[in-house]
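Trainee: I have a protein model open and I'd like to learn how its labels are earned. Could you take me through it?

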Amino acid sequence: MACAVLLSTPAAHADELRPAYLEMDQLSQSEWTIRWKASAQSRLGRKGEAQIPQICENIGEANRRFIDTNIVTDQKLRCDGPIAGQTIGLSGLALSTTDALVRIKPLDGEIQTLRLTPDAPSAKIAKGDAITNVAWTYGLLGIEHILLGFDHLLFVVALVLLLKSGWLVTQTVTAFTLAHSLTLIGTTLGYFSLPSQPVEAIIALSIVFLAMEIIKAQRHNPDDGLRLSERYPWIVAFLFGLLHGFGFAGALAEIGLPQQAIPMALLTFNLGVEIGQLAIVAAAFLILALIRKARQQWLQPTKLAASYGVGIIATYWFIERMIA
């Protein structure tokens, strides 16, 4: 059932961190511009509207156009006074499954970053601590990214299936985090980059590799010793983590980074990813422990079946991305 759901997901790419985006940029004491974008395939992109502060009014007609796979709308506003304390949001977000990142850029203050969700499609603009705001927002985005980004989730699950020690898995996942942090930071700062399509295909292939290693380990003769991936799993995770980092960077490029707080955004995003990964590890070990307690003889068949499922899904993604 899980395989069918993942295979039928139309956007099961390496990085599902593509929320809607809304930005208010102050031009003068009373004039602002507002821009928002959402996927053209979503109901939000087709029918949603920006909810502007009550003290603001639209000036002229909105400029609505397609850019890549998104619908982008630009509108000029006239605001009668400071917007602090006012409410901003996106109508239609409550009917979607995505979040929205909001950025407020006043002329004489710090940039403020807010996060809207389907459960809370509007938020109050405040004179809060911009750094704390950025840290909270990007930390949550990091957690969401690893939990909702199917590629990364399956990679971590595969590590749990391959390794038997919780501490060894934790070390290996941390090596994965360190590696993708290096390429994420380097790409974000413009030191190097790779095209996204080949990277996504290789990320899918990395999951296929782990699935094959799990299956081979199940059939491996213990007298022959541990396989390389079992003896040095952190090396495997580190090397593949470098590739996953390019995927993370592509996702962050879609939503942008606060120029005045890039280090904080990158740090908290990575911390969020690490928290999400450790949560996945804990949940996976709990499920395996419950199976072991219920029926010890079911444990190895369960691992084998899960490995085949992971491998089939990742192979499908690899072929799909190669064709694309």
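Mentor: Sure, and confidence comes first: in the protein it is lowest in helix α1 (residues 2-8), at a mean of 41, and highest in strand β5 (residues 70-79), at 92. Those figures are pLDDT, the predictor's confidence in each residue, from 0 to 100. This is a predicted model, where local features need pLDDT of at least 70 and side-chain atom pairs count only at pLDDT 80 or more, while totals for chains, interfaces and linings use all residues. Residues are numbered from 1 along each chain as its sequence is written, and side-chain values use heavy atoms, with hydrogens and water left out.

Trainee: What is the mean pLDDT of the protein?

Mentor: The mean is 82, and 88% of the residues reach 70 or more. Over residues 1-17, though, pLDDT stays under 50. The model has 38 contacts (heavy atoms within 4.5 Å) beyond four places in sequence for that stretch.

Trainee: What makes a stretch a helix or a strand?

Mentor: Both are DSSP runs, numbered from the N terminus: H or I over at least four residues for a helix, E over at least two for a strand. Take α5, residues 166-188, with its 23 residues. The expected span is 1.5 Å times one less than the number of residues, which gives 33 Å here; the end C-alpha atoms are 32 Å apart, so the two agree. After α5 comes Gly 190, with a positive phi near 85°.

Trainee: How do you know that Cys 56 and Cys 79 form a disulfide?

Mentor: The label asks for a pair of cysteine sulfur atoms within 2.5 Å. Here the sulfur atoms of Cys 56 and Cys 79 are 2.0 Å apart, so the pair passes. A search of the whole structure finds one disulfide. It links distant parts of the chain, with Cys 56 in strand β4 (residues 56-67) and Cys 79 in β5, 23 residues apart.

Trainee: Why is this disulfide called right-handed?

Mentor: Because the torsion about its S-S bond is about 105°.

Trainee: Are Cys 56 and Cys 79 buried or exposed?

Mentor: Both are buried, and buried means under 20% relative accessible area, against over 50% for exposed and partly exposed in between (1.4 Å probe, protein chains only). β5 is mostly covered too, with eight of its 10 residues buried.

Trainee: What makes β4 and β5 a pair?

Mentor: Two strands pair if DSSP finds at least two bridges between them. β4 and β5 are joined by nine bridges and run antiparallel, so they qualify. For instance, Arg 65 has Val 72 as its bridge partner in β5, and Ile 59 has Lys 76. The two strands form a hairpin with two residues between them, and Asp 68 in the turn has a positive phi of about 55°.

Trainee: Which strand is joined to β5 by nine bridges and includes Trp 32 as a bridge partner of Leu 77?

Mentor: That's β2 (residues 31-39), again antiparallel, with Trp 32 facing Leu 77 of β5 as its bridge partner.

Trainee: Why are β4 and β8 called edge strands?

Mentor: Six strands form an open sheet in the order β4-β5-β2-β1-β7-β8, with mixed pairing. β4 and β8 (112-116) each have a single partner strand, so one side of each is left without a neighbour in the sheet.

Trainee: Which strands form the antiparallel open sheet?

Mentor: Three strands do, in the order β3-β6-β9. β3 and β6 (residues 87-91) pair over three bridges, and Gln 51 stands opposite Gly 89 in β6.
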